[in-house]
Each structure stands twice: as C-alpha cells, then as structure tokens.
Amino acid sequence: MPGWQADKQLHSDYRPAEPDSPGYTEAQHQQVAAYRKLLLELSAQVSTHPFWQTLDPSNVVSGRMQLKHVDDQPVGEAA
C-alpha cells in the first residue's frame, strides 16, 4: 500500500525509524511482580470467601459474573 509503513517486518531488510523499546527497569519488574502477587492473593480471598457457600450452587457463577461488572454502573445508580 502506498505510504504505509509498519513498525517492524519479519524476514526483511526493513529497519524501523524508531529504536527498540528498552523494556522494563528492575524497579518496574519488581512493581509488576508485587501487583501480580497482590492480585493473586485478592482473587483467592474473593473466590474462597464464605459468602459463596450461602448461595445456591446454581447461582454461584452468575453471582461471580455480576461481581465482575459491579463497577460498570455510574456511582450512585442503584443496581
């Protein structure tokens, strides 16, 4: 296509105008690891919370799906 230029093309002699990304710094790697660890801990707390045993087993999946979308509604709007 005329005027079209991709960022990178495999198996060609093309050299992009933009340099490669330097990647994450060590501090950024540590922060991402900390966020992933926290996410795993919180996910385990939510999925094993005693509340889920109060529901009929057929409603657990729909209850968890509703929980995923609880912040989709504007603040102050009744569910």
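**Figure 1. A nonpolar surface patch formed by Val46, Leu67 and Val70 in a predicted model.** The side chains of Val46, Leu67 and Val70 together make a nonpolar patch of about 260 Å² on the surface. One of these residues, Val46, belongs to helix 1, which covers residues 26–47. Val46 counts as partly exposed because its relative accessibility is 43%, and the partly exposed class lies between 20% and 50%.

**Figure 2. The aromatic pair of Phe51 and Trp52.** A search of the whole structure yields one aromatic pair. The ring centres of Phe51 and Trp52 are 5.1 Å apart, and the ring planes meet at 70°, so the arrangement is edge-to-face. The label follows from the angle, because planes over 60 degrees apart count as edge-to-face. The two partners fall into separate classes of accessibility: Phe51 is partly exposed, with a relative accessible area of 40%, whereas Trp52 is buried, with a value of 9%. Trp52 is placed in the buried class because that class requires a relative accessible area under 20%.

**Figure 3. Arg64 over the face of Trp52.** Trp52, the buried member of the aromatic pair, also has a charged residue over its ring. Arg64 lies over the face of Trp52, at 5.0 Å from the ring centre.

**Figure 4. The protein chain as the setting for the close-up views.** The protein chain contains two helices and zero strands. Of its 79 residues, 5% are buried, and Trp52 is one of the buried residues. The accessible surface of the chain amounts to about 7,700 Å². Carbon and sulfur atoms account for 59% of that surface.

Key: Residues are numbered from 1 along each chain as its sequence is written. This is a predicted model: local features need pLDDT of at least 70, side-chain atom pairs count only at pLDDT 80 or more; totals for chains, interfaces and linings use all residues. Side-chain values use heavy atoms; hydrogens and water are left out. Patches are made of residues with over 30% relative accessible area and no salt bridge: like charges are joined within 9 Å, nonpolar side chains (Val, Leu, Ile, Met, Phe, Trp, Tyr) within 5 Å. Accessible areas come from the Shrake-Rupley method with a 1.4 Å probe; for residues, only the protein chains shown count as cover. A salt bridge is a side-chain nitrogen of Lys or Arg within 4 Å of a carboxyl oxygen of Asp or Glu. Helices (H or I, at least four residues) and strands (E, at least two) are DSSP runs, numbered from the N terminus. Buried means under 20% relative accessible area, exposed over 50%, partly exposed in between (1.4 Å probe, protein chains only). Rings of Phe, Tyr and Trp (its six-membered ring) pair if their centres lie within 6.5 Å; planes under 30 degrees apart count as stacked, over 60 as edge-to-face and the rest as tilted. A charge sits over a ring if NZ of Lys or CZ of Arg is within 6 Å of the ring centre and within 35 degrees of the ring normal.
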